[in-house]
Amino acid sequence: MSTDKEIEVKFRIFRFNPKTDFAPRWQEYNVKVDKSTTVLDALLKIKEEQDPTLTIRYSCRQAVCGSCGMMINDKQMLACFTRVLELNSNIIKVAPLKNYRIVKDLVTDFSELFQKERQVKPYIIRHDFEELLNPTGTYKQTEEELLGYIQFADCIECGMCNSACPVSATDPLYLGPMILNRAYRFISDPRDLGFEQRIEAIDSEHGCWRCHFAASCSTVCPKGVDPAKAIQLLRRQLVKKAVLGISSPKKVELIPMAHVKGKLELPKGWQ
Amino acid sequence: MAIYEENREGVSGWFRITRYSVERALYVIQRLSGIGIVIFAFIHLLYTSWHPGGWGDVILGVLVTYHTLNGLRLVLTEHGFLIGKPTRAVYPYRKGTLYGSQRYLTMAILALFVIFVLIWSYVALVIPAG
Amino acid sequence: MFIHYISGLIILITGFIHLIANNLPSIGTIVHESIFYPVNLIILLSALLYHMLNGVRAILIEVIPGKCAAKAITWIMFLVGITLYIYGLQVFLNLFWPVE
């Protein structure tokens, strides 16, 4: 038992089961917290002691998996990353992330989001298949080239930026800052050669031109990824391509390393 | 009910500005001023001699100067200028689009806005219209 | 979308000249007499119509989802633009060459 002072705090939690309920309702619980209790700890305590039917989604409890995004006091936050007493409020309102379909209580459905993400091909595309299958070395990158994209690679795909974006509030087909950030991370990687294949998804009616720089995505990001910057830099690449044309494809040097040995067999039917 | 399950904010979501940064409020006012100018321009195109007199001119001045100055800021930042280079993300995260040069640009734009509104009101209210 | 930014800049310059010509009598009379004023007005009309209707189109496409709706909105804005442009040109010709 901790020796810190315990304070009783009231939680108002959104309860809704689309299969049986007609409309959502708010339910109140009283929980004793101390200064190191996170919102996730408090929700699990409610589940253990007071109401086992409360449904939540969580996994790592250390802010690296991106599962527990919720609206806490009307702002998008990770439940495992937020301390209850730091919110400075007697009533804590917990609701599921906005702009996603609700499965039950505080759990939202991310399957549509990941379906949209496949349109921008979030993987490195190269054409030297012989080297990829039988690697003989490693690709060289300078520190400067790494800094051009490493900030955008830190994304944990929690989906809170899409929830905060004002364009996603009305447009269900908008790709969203999370997906555009992923697209820019691969386009600006010096090893990737697939810019033309992604343009059709990004340059469309509901692609990066629907962003109006409200910067709410960067405000709520828990990992400092700054998707707003990725979208503006992505626009610059698209304008450069339209005005100047692609000048030269990226060349990346291969450093042969003798101890890297491998031989991969193609599975049947792979292309 | 399907509409609760869908959980989309709708147009009222555009106006939730209390928990986010100042750029969100700037965006909402840009949209509203754009709609205001569209209404004025339609009427002015169809009846060329009409002009709202006196205080109407001041309101029009506020809308036009705000939309123009914020538009200039957007032309610069939406092509990637003045938002800072990508760096490594180190806690506490000071993101390039929210801190640094972009904030100074925003403050400069708002200061210019106040100055131009005063000049426009002076021309509209004090000098008798031609 | 890129043309949206360029038309905005053109409106800034030509609109500024239009306002000065109409409200400040000292410089205004010089501009009014010359050929500069109607040319300036035509450029302003084109850029303004494009910028306005593209902006309204963006707002409507965000609020009404669906692919058919997007095409319909684009066509309607295009037709409104052409109509207003022809109307504007006709007013303009009547104003400056009233013989026709």
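Me: What percentage of the 130 residues of chain B count as buried?
Reply: Keep in mind that we're looking at a predicted model here. To count as buried, a residue needs 20 or more other C-beta atoms within 10 Å of its own. Among the 130 residues of chain B, the share that gets there is 22%.

Me: Is chain B compact or spread out, and what is its radius of gyration?
Reply: Chain B is built from four helices and zero strands, and from the N terminus on they run α-α-α-α. Its C-alpha atoms fill a box of roughly 60 × 45 × 25 Å along the principal axes. For 130 residues the globule rule gives 14 Å, and chain B is well over that, so it is more spread out than a compact globule, with a radius of gyration of 19 Å.

Me: How much of the contact in chain B with a separation of 6 or more comes from residues 24 or more positions apart?
Reply: Take the contacts in chain B with a separation of 6 or more as the pool. Within that pool, residues 24 or more positions apart account for 65%.

Me: Which element gives the most to the side of chain A that touches chain B?
Reply: This contact puts 43 residues of chain A against 32 residues of chain B. On the chain A side, the elements giving two or more residues are β6 (101-104), α5 (150-153), α9 (216-220) and α10 (227-244). With seven residues, the one that gives the most is α10(A).

Me: And by class, how many residues on that side of chain A are nonpolar?
Reply: The side of chain A that touches chain B has 10 polar and 10 charged residues. The nonpolar count on that side is 23.

Me: Which element of chain B supplies the largest share of the side that touches chain C?
Reply: Here 13 residues from chain B meet 16 residues from chain C. Two elements of chain B give two or more residues to its side, α2 (22-46) and α3 (55-77). By class, that side divides into seven nonpolar, five polar and one charged. The largest share, five residues, comes from α2(B).

Me: Back in chain A, is Q119(A) buried, exposed or partly exposed?
Reply: Q119(A) sits in the loop between α2 (111-117) and α3 (129-133) of chain A. Buried would take 20 or more neighbours, and exposed 12 or fewer. Q119(A) has 16 C-beta neighbours inside 10 Å, so it counts as partly exposed.

Me: What separates the C-alpha atoms of Q119(A) and Q50(A)?
Reply: Along the chain, Q119(A) and Q50(A) are 69 residues apart. In space, their C-alpha atoms are separated by 44 Å.

How values were computed:
Residues numbered from 1 in each chain as written. Chains lettered and ligands numbered in written order. Predicted model: local features only at pLDDT ≥ 70, side-chain atom pairs only at ≥ 80, totals over all residues. Contact = placed C-beta atoms within 7 Å. Nonpolar A, V, L, I, M, F, W, Y, C, P; charged D, E, K, R; others polar. Rg over C-alpha atoms; globule rule 2.2 N^0.38 Å.
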